[in-house]
Amino acid sequence: MGHDGGMPSSFSQQTCAPVDPVSGRALPAAVLWDMDGTLIDTEPYWIAAETALVVESGGTWTHEDALSLVGSDLLAAARVLQERGGVRLERAEIVERLVASVSDEMSREMPWRPGAREVLERLREAGVPCALVTMSYQVLGERLVAAVPAGTFAAVVTGDQVTRGKPDPEPYLVAAARLGVDPASCVAFEDSPPGLASATASGARVVGVQSVLPLPQRADLSRVPNLEPVDLSMIAAVAAGETFDLLADG
């Protein structure tokens, strides 16, 4: 949704807003990034970790069960693993085991999605602040931040730093507040239904990145197959209220 020209007093004014050098259009005040499934393809790591826990407890965990947790708050996911998967551990211990397993896999190989590092670098060079907004915990967010040039992310919000996880807008609102910008002046990239709901409710313009779950087709949602086609001109256009659907008829 549009907003009036005056920024709320709680948000800082940028003295020199970055501009796309190709189109000449203003770039957003910030770009807010989901991590798992959007920047990196870690969903297989999470699914493997969940399956191992369920099998260890003598239960059965289907691919559909795993997909139902994509993008979820980790403590909420742990409850599902207890109730549906029969995992006989406390929720905090389930989360600890999942995070440790995924962290170990990320340390061996950071599974970047196509175009992710390139668009992050273009935004850094253009002076557009970025925030990482993930339901993964801080240790995992730190692994990704350590894998990119210093200054790529000006803020990091993780699932263990918020009271209400996605689909609640709190993670994106916290990220915008840490950057000192109006959420409505930001562009967010997400891949899961909970993440899309969270980013949309925050007021940000949203780009859906196709991953393991189908993306809804909505008039207010841009959709891309991965981050390869995303450039500064597209980001500036989305910030101005335009939408792109690179999945239509695909």
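**Figure 1. Arg25 and its salt-bridge partner Glu242**. With a relative accessible area of 32%, Arg25 counts as partly exposed, a class that lies between buried (under 20% relative accessible area) and exposed (over 50%), as found with a 1.4 Å probe on protein chains only. The side chain of Arg25 meets that of Glu242 in a salt bridge, with N and O 2.8 Å apart; the term stands for a side-chain nitrogen of Lys or Arg within 4 Å of a carboxyl oxygen of Asp or Glu. Arg25 belongs to the segment before E1 and Glu242 to the segment after H9, so named because helices (H or I, at least four residues) and strands (E, at least two) are DSSP runs numbered from the N terminus. The two residues are 217 residues apart, and Glu242 is also partly exposed, at 35%. The model is predicted, so local features need pLDDT of at least 70 and side-chain atom pairs count only at pLDDT 80 or more, while totals for chains, interfaces and linings use all residues. Residues are numbered from 1 along each chain as its sequence is written, and side-chain values use heavy atoms, with hydrogens and water left out.

**Figure 2. The salt bridge between Arg84 and Asp65**. The closest approach shown is 3.3 Å, N to O. Arg84 sits in the loop between helix H3 (74–83) and helix H4 (91–108), whereas Asp65 is in helix H2 (residues 63–67), so the pair ties together parts that are 19 residues apart in sequence. Asp65 is buried, at 14% relative accessible area, while Arg84 is partly exposed, at 44%.

**Figure 3. A salt bridge within helix H4**. Asp104 and Arg108 form a salt bridge whose closest N and O atoms are 3.0 Å apart. These residues are 4 residues apart in the helix and are therefore separated by about one helical turn. Asp104 is partly exposed, at 37% relative accessibility, and Arg108 is exposed, at 56%.

**Figure 4. Helix H9 and its surroundings**. Because 6 of the 8 residues of helix H9 (residues 232–239) are buried, the helix is largely enclosed by the rest of the structure. The buried residues, among them Leu232, Met234 and Ile235, pack against elements including strand E1 (30–33) and helix H5 (116–126), where contact means heavy atoms within 4.5 Å. At the N-terminal end, Asp231 caps H9, with a side-chain oxygen 3.3 Å from the backbone nitrogen of Ser233. H9 is followed by Gly241, which has a positive phi, near 105°.

Conventions:
Polar contact = N/O pair within 3.5 Å; in protein donor to acceptor, adjacent residues only side chain to side chain.
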